[in-house]
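Here are some worked exercises to go through with the model open beside you. Try each task before reading its solution.

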Amino acid sequence: MRWLPVLVLALGAFCAGTDNYLVAGVLTPMAADLRVSVAAAGLFVTGYSLSYALAAPVAVTVLRMRSARRLLLTAIAMFAVVNLLAAVAWSPWVMAVARIAAGCVAGIYVPMAGAAAAGMVTADRRGRALAVILGGISIATVAGVPLGIWVAGLSSWRMAFVAVAVVASITAVGVAWTVPAGDAAPAVSLRQRLAPLRHPPVWLGLAVTISGMTAGLMIFTYVGPIYAEVPAVGAAYVGLLIMAHGVGAMLGLWGGSALIDRFGARPVLLGALTIFTVNLAWQPIAAHTLATTVAFVTLWGVVGWAFLPAQQHSMIADATPEQAPMLLSLNGSAMYLGAALGSAIGGAVIAVFGAGRLWMFATGFGAISVALSLVRHKKFRSVDRHLSNAVADR
């Protein structure tokens, strides 16, 4: 396995993850500086996530670059530029444009990085390569976000976006030096990219991703405002909570991948989603002490990320090399569509009911993800016969 280019590609995924989750750590000072409410500032996460989910597939189709490396380079370079724009944003509208643009180019980069990493290895190591790319995103929650909060504390929240732009620039150099040019990528129309959505196992699987991510991001986006007002926690420990969540995310990602190899994707997926939902329901009780709050966010990170490799495995396990990038791109879009819904719905809940009621809505979406997963696995025992028609439809 060629580890160096895969690790370089994972560094770009780390940038994308840091850039998305960073806002949760600097939400309060950003809102104050841009003179908007905390709920309104949460919409910057919505803009990033929604553009990742919806605009990225269109952008990849329109660009039609023959070289995957050139597309990766273009995306990560643009990512650096738009983060510099976010750093100098002088109004909420400028920030909104920067976040939407960042989400779009991140949505181009991450699925392409996953497909490129999978293409560099043999079939029996493809899952491991994908786990490395996803690992870049999970590490962002344990290192990237706290680092961003630390940088923001030294100067201002704006320097956190400058730091992301610097790492993205380093990634661009690494991609240019280490990632092979490869063969010319075949042109794929938007209709061909969306063809798998015709098959119920695919869109039901994407619905599981959307509902699960909606539940998680509804809490994570507003973790600062939620726990800053909790007497047992306070604003001083928000960074610790985000780091504990990130540690759990890494354990869940790698542990989930190992459990999939041993027991299969279905039990890991159902088990993780069930524990995830029960844990969300426990949130108001856990908030009574700092220790139980740390335990809550750590377990949330473990099970909240353990279901992602299981979901990806079920999406591409029986897919051909032509289908895998499209399915990964669709699943990535579903992840960020769920993140967009979570941040938007969470902001609305805070505005109407207050942050103390968020856990009720998050638990509800977690329960929906469990129900959808049960329906999908009960009705469609094999995804292979449905996915195999995707290429034929092209």
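**Exercise 1. Work out how much area the protein exposes and which atoms supply most of it.**

Start with the total: the protein exposes about 15600 Å², and carbon and sulfur atoms supply 70% of that. The areas come from the Shrake-Rupley method with a 1.4 Å probe, and for residues only the protein chains shown count as cover. Before going on, note that this is a predicted model: local features need pLDDT of at least 70, side-chain atom pairs count only at pLDDT 80 or more, and totals for chains, interfaces and linings use all residues. Residues are numbered from 1 along each chain as its sequence is written, and side-chain values use heavy atoms, with hydrogens and water left out.

Next, burial: 56% of the 394 residues are buried (under 20% relative accessible area; exposed is over 50%, partly exposed in between, with a 1.4 Å probe and protein chains only).

**Exercise 2. Count the helices and strands, then describe how helix 1 and helix 5 pack.**

The tally is 18 helices and 0 strands, taken as DSSP runs numbered from the N terminus (helices: H or I, at least four residues; strands: E, at least two). Now zoom in: helix 1 (residues 3-25) and helix 5 (residues 68-87) pack at about 35 degrees with axes 12 Å apart. Here axes are lines fitted to C-alpha atoms, for helices over the stretch in contact, and angles run from 0 to 180 degrees between N-to-C directions. For the residues that touch (contact is heavy atoms within 4.5 Å), helix 1 offers L9, G12, C15, A16 and D19, while helix 5 brings L72, I76, F79 and N83.

**Exercise 3. Find the salt bridges and say which parts of the chain they link.**

The rule is a side-chain nitrogen of Lys or Arg within 4 Å of a carboxyl oxygen of Asp or Glu, and the count comes to 2. One joins R99 and D19 at 3.0 Å, N to O. That pair links R99 in helix 6 (residues 92-119) to D19 in helix 1, 80 residues apart. Both R99 and D19 are buried.

The side chains of D33 and R158 also meet in a salt bridge, at 3.3 Å, N to O. D33 sits in helix 2 (residues 27-34) and R158 in helix 8 (residues 157-178), 125 residues apart. Is D33 buried or partly exposed? D33 counts as partly exposed because its relative accessibility is 37%.
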